[in-house]
Amino acid sequence: MTDDDDNGLEGVVAAHTVLSEVDGAAGRLVLRGHALDDIAGRWRYEEVLALLWQDFFAQLPAAPELALALGHARTDVAALLRADDRATLSALTPLEAMRALLARVPDGDDLPTALRLVAAPVVFTAAVLRWKAGEPALAPEPEASHAADFLRMVSGRPATSAQAAALDAYLVTVADHGLNASTFAARVVASTGAGLASAVLAGLSALKGPLHGGAPGPVLDMLDAIGHADAAAGWLEAALDRGERLMGFGHRIYRVRDPRADALKKALRGLAQAGGVEAGRVALAEAVERAALASLQARKPGRVLETNVEFYTALLLEAVGLPREAFTAVFAAGRVGGWVAHAREQVQRGRLIRPQSVYVGPAPAAATRMAEPAAV
């Protein structure tokens, strides 16, 4: 076997893209020419869609018109809900129920299909959470922003401007991140000509795996178990003694701090200043972060294990009122815009993704006999 066979294809270039650059050595994320630091907390998610989707759809409207079109797309996908969905889907996890509903979006490669696919995770996740709480699903409000409408459809109350801004910052931060597992899965399916809905479902299925999109919730479990800031160091040292992984620290790509963690920490502080986060919760999180980084540095001085996007994702999504069992579905609500962009870029390339494999299994018996030297 070659090195590439057993390292998850790390270092192998599988696509050339204009969409995002992940610079792990510098701790930098660039979205189509814009550093994440410059747009997270300043741009709405709809503006990032307009950025990522430029050149991939004919007559793509400017961000304000695109936002309204996305609002109407939320209404379109809400019409796909059926009377018996509450009874049949409420027993599933939010992600599994949302995936089942997303499969109802017809395939296509045009802008209306793309908008419905971005609308679907928000509308369907909100509906499932309402059903699980014993409440009816709420209809979308097309004129609202994507983030604000999502929060209203979940809680039944209008989101505050601070809550909507915080969720917007999250959706922007996770919109695209290079050729990660779910994005690669979406590009592979798109390369077959299957259509955008099929590509997005492939990305969503890859995101479900705990090695990719399933870790933010356990960050809150860790904070709950620690309880108080003065208990952080002892709890973390005991966890490391047991060989446990500290949730929210370390990343396969970033060799310095994950820039998405910085963006979300800033968004969380803005929400806290507006009274949207309990002060003690933020203090606990910052104490745990300091203690964890110190412990990891002391125990593994040769490795760079910094705070990653999961740590402040968990705190931000909790603060805006989203339950931890829905965190991966909310991740999908942000990343779907990137999946659509990558799928369209792959289709424009016009090339089927078809890598080679190396057979290392047993040889057929007949071939083995033929390879034996003749008796003398």
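A residue is taken as buried when its relative accessible area is under 20%, as exposed when that area is over 50%, and as partly exposed in between. Val123, with a relative accessible area of 2%, is therefore buried. This residue belongs to a predicted model, and the overall architecture of that model is described before individual positions are considered.

The protein contains 17 helices and three strands. For a chain of 376 residues, a compact globule would be expected to have a radius of gyration near 21 Å, and the value of 22 Å found for the protein agrees with this. Along the principal axes, the C-alpha atoms fill a box of roughly 90 × 55 × 45 Å. Of the 376 residues, 48% are buried. Of the contacts between residues at least 6 apart in sequence, 76% join residues at least 24 apart. The accessible surface comes to about 17300 Å², and carbon and sulfur atoms account for 54% of this area. The protein carries 37 positive and 43 negative charges, whose mean positions lie 2 Å apart.

Helix H10 spans residues 196–207 and has twelve residues. The distance from its first C-alpha to its last is 16 Å, close to the 16 Å expected at 1.5 Å a residue. The buried residues of H10 are Leu196, Ala197, Ala199, Val200, Ala202, Gly203, Leu204 and Leu207. An α-helix has 3.6 residues a turn, so residues three or four places apart point the same way. Spacings of this kind occur in the buried set of H10, which includes Leu196, Ala199, Val200, Gly203, Leu204 and Leu207. The cover over the buried residues of H10 includes four helices: H5 (94–102), H6 (111–132), H9 (181–191) and H16 (327–349).

Helix H6, which contributes to the cover of H10, also contains Val123. Beyond its neighbours within four places in sequence, Val123 is in contact with Arg74, Val77, Ala78, Pro140 and Met153. Of these partners, Pro140 is 17 residues from Val123 in sequence, and the two C-alpha atoms are 7.4 Å apart.

A second buried position is Leu36, in helix H1 (residues 36–39). Leu36 counts as buried because its relative accessibility is 1%. When residues up to four places away in sequence are not counted, Leu36 touches Leu29, Val172, Thr173, Pro259, Arg260 and Ala263. The C-alpha atom of Leu36 is separated by 9.9 Å from that of Val174, a residue 138 places away along the chain.

Two residues with positive phi lie in the loop between helix H2 (45–53) and helix H3 (63–78). One of them, Asp55, is located in this loop and has a phi near 75 degrees, a positive value in a residue other than glycine. Asp55 counts as exposed because its relative accessibility is 59%. The other, Gln59, is also placed between H2 and H3. Gln59 is not a glycine either, yet has a positive phi of about 55 degrees. With a relative accessibility of 79%, Gln59 likewise counts as exposed.

An exposed position within a helix is provided by Arg290, which is placed in H14 (residues 279–299). The relative accessible area of Arg290 is 56%, and the residue is therefore classed as exposed. Arg290 and Asp230 are 60 residues apart along the chain, and their C-alpha atoms are separated by 12 Å.

How values were computed: Residues are numbered from 1 along each chain as its sequence is written. This is a predicted model: local features need pLDDT of at least 70, side-chain atom pairs count only at pLDDT 80 or more; totals for chains, interfaces and linings use all residues. Side-chain values use heavy atoms; hydrogens and water are left out. The radius of gyration is taken over C-alpha atoms; the globule rule is 2.2 Å times the number of residues to the power 0.38. Buried means under 20% relative accessible area, exposed over 50%, partly exposed in between (1.4 Å probe, protein chains only). Contact means heavy atoms within 4.5 Å. Accessible areas come from the Shrake-Rupley method with a 1.4 Å probe; for residues, only the protein chains shown count as cover. Lys and Arg count as positive and Asp and Glu as negative; His and the chain ends are not counted. The place of a charge is taken as NZ of Lys, CZ of Arg, CG of Asp or CD of Glu. The expected span of a helix is 1.5 Å times one less than its number of residues.
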